[in-house]
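Trainee: I've got the model open and a coffee in hand. Can we walk through it together?

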Amino acid sequence: MNTGLKITTFAAVLAATFGTAYGLGQGIDPVVADSPPRHEGEHTRPAPPPEQAGGHTGHDTPPAGGLQISEDGYTLDLQTPSVTAGQRADLRLTVRDGRGRAVTAYQREHDKELHLIVASRDLVTYRHLHPTRAADGTWSTPVDLPRAGGYRVFADFTPARADARNLTLGADLAVSGPYQPKELPAPAATSRTNGYEVKLSGALRPGKASELKLKVSRAGRPVTDLQPYLGAYGHLVALRSGDLAYLHVHPNGEPGDGKTQPGPDISFTATAPSAGSYRLFLDFKHDGKVHTAAFTVTARGAAAGSGTPEGHAEDGHGH
C-alpha cells in the first residue's frame with residue numbers, strides 16, 4: 001500500500017461531516033485505509049466482529065452503553081464536535097432532558113457526578129477526564145489529543161431522580177490533522193506503563209459475569225500501597241472493538257470495607273454483551289499519580305479465555 005493511501009488528512013469537510021452526524025445522532029466510522037498498515041516488529045491481528053444481538057446468552061448480560069446519543073429522554077449535546085490534533089482545546093458538552101433543558105442535578109457515583117471518557121476508534125488513544133459543571137449545566141474540560149482520526153466521547157452519569165438509572169451516552173468527535181490508522185494490539189498477558197507492570201488473569205465471557213483480576217508491581221515487587229481512586233483501588237473501562245460499545249465494569253469491594261486490600265491485586269466483575277475483541281483500560285493511583293494500563297481481551301463464548309497486550313494506553317487521563 002503506498003503512502004498516499006496510508007496517510008490522509010482530516011480537513012474541514014470531514015469536521016463538518018462529523019458535526020452533521022452529531023446533529024442527527026448517528027455514528028460515522030473514521031476514514032481509514034482499506035487495509036490497516038503492518039508495522040515491523042508488531043504482532044497484531046484483526047479483531048473478530050461482535051456477534052449479532054440474538055447471540056447473547058444469559059439473563060445477566062448488561063446492555064451495551066455509549067452507542068446512542070439519546071436514551072431514556074436524555075441527550076448528549078456535544079458542543080465541541082471537532083478539535084485539532086496536538087492542540088489544547090476546551091471540550092464542552094451538556095446533557096439535556098426530553099424538553100431540551102440542561103440537566104443540572106446528578107447522583108454522585110464513584111466520587112463523580114459524571115465520568116467522561118474519550119477514546120479513538122482504533123482504541124489506541126484513551127482519556128479519562130474529569131470535567132467541571134457550570135451553574136447552567138455545561139460541562140467543560142481541557143483536552144489535548146495527539147493523534148488525528150475519529151473519536152468517541154462517552155458521558156457516564158445518573159440523573160438525580162428517584163427512578164433514574166445509570167446511562168452512558170456517546171457522541172462522535174473529529175480530530176483533524178495527518179492521520180495514520182493503527183491496528184488493535186494483539187492479546188498478551190502483561191501491560192507496562194510508567195515503570196509499572198500489570199498482569200491480568202481471568203476471562204471475559206459473553207453473557208456471563210466473570211472475574212478479572214489485575215496485579216500491579218513495580219521494579220519486580222508487588223505494589224501493596226495503592227491509593228483510592230474514584231472510590232476504589234482501581235477503575236476499569238471496557239470498550240468493544242468495532243463499534244466502541246461501553247461496558248460497565250464493577251470493582252469487587254471498596255477501600256475501608258475490611259476485605260479489600262490496597263494491592264497488589266485489583267478485582268472486577270464484568271460481562272461482555274457479545275463475543276469479540278475488547279480493549280480494557282485500568283486506572284490506578286500510586287504515589288499520588290494516576291496511571292493507565294491497557295489490555296486487549298477476546299471473549300469467545302461461555303468458556304472463552306482472554307489475554308492482554310504488552311503495551312500502554314497512549315496518553316491516559318486528564319486531571
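Mentor: Sure, and keep in mind that this is a predicted model. Let's start with histidine 110: leaving aside its neighbours within four places in sequence, it is in contact with His115, Leu230 and Pro251.

Trainee: And where does histidine 110 lie?

Mentor: Look for strand 5 (89-96) and then strand 6 (114-120). Histidine 110 lies between the two, in the loop.

Trainee: Is histidine 110 buried, exposed or partly exposed?

Mentor: Its relative accessible area is 35%. Buried would need under 20% and exposed over 50%, so histidine 110 counts as partly exposed.

Trainee: How far apart in space are histidine 110 and alanine 232, C-alpha to C-alpha?

Mentor: Along the sequence, 122 residues separate histidine 110 and alanine 232. In space, their C-alpha atoms are apart by 7.8 Å.

Trainee: On to the open sheet of 4 strands: which strands stand at its edges?

Mentor: The order is 17-16-20-21, with antiparallel pairing. An edge strand here has a single partner, so one of its sides is left without a neighbour in the sheet. That describes strand 17 (246-247) and strand 21 (289-299).

Trainee: Which residue in strand 20 does leucine 239 stand opposite?

Mentor: Strand 16 (residues 235-240) and strand 20 (residues 276-286) pair in the antiparallel sense, over 6 bridges. Opposite leucine 239, in strand 20, you'll find arginine 279.

Trainee: Now the rings. How many aromatic pairs does a search of the whole structure find, and what is the angle between the planes of tyrosine 106 and phenylalanine 157?

Mentor: The search turns up 6 aromatic pairs. Tyrosine 106 and phenylalanine 157 form an edge-to-face one, 5.8 Å centre to centre, and the angle between the planes is 85°.

Trainee: Where do the two rings of that pair sit, and are they buried or exposed?

Mentor: Tyrosine 106 is in the loop between strand 5 and strand 6, while phenylalanine 157 is in strand 10 (residues 149-157), 51 residues apart. Tyrosine 106 has a relative accessible area of 6%, and phenylalanine 157 has 1%. Under 20% is the cut-off, so tyrosine 106 is buried and phenylalanine 157 is too: buried.

Trainee: What kind of aromatic pair do tyrosine 126 and phenylalanine 281 form?

Mentor: Tyrosine 126 belongs to strand 7 (residues 125-129) and phenylalanine 281 to strand 20, 155 residues apart. Both are buried. Their centres are 4.0 Å apart with 0° between the planes, and the pair is stacked.

Notes
Residues are numbered from 1 along each chain as its sequence is written. This is a predicted model: local features need pLDDT of at least 70, side-chain atom pairs count only at pLDDT 80 or more; totals for chains, interfaces and linings use all residues. Side-chain values use heavy atoms; hydrogens and water are left out. Buried means under 20% relative accessible area, exposed over 50%, partly exposed in between (1.4 Å probe, protein chains only). Contact means heavy atoms within 4.5 Å. Two strands pair if DSSP finds at least two bridges between them. Rings of Phe, Tyr and Trp (its six-membered ring) pair if their centres lie within 6.5 Å; planes under 30 degrees apart count as stacked, over 60 as edge-to-face and the rest as tilted.
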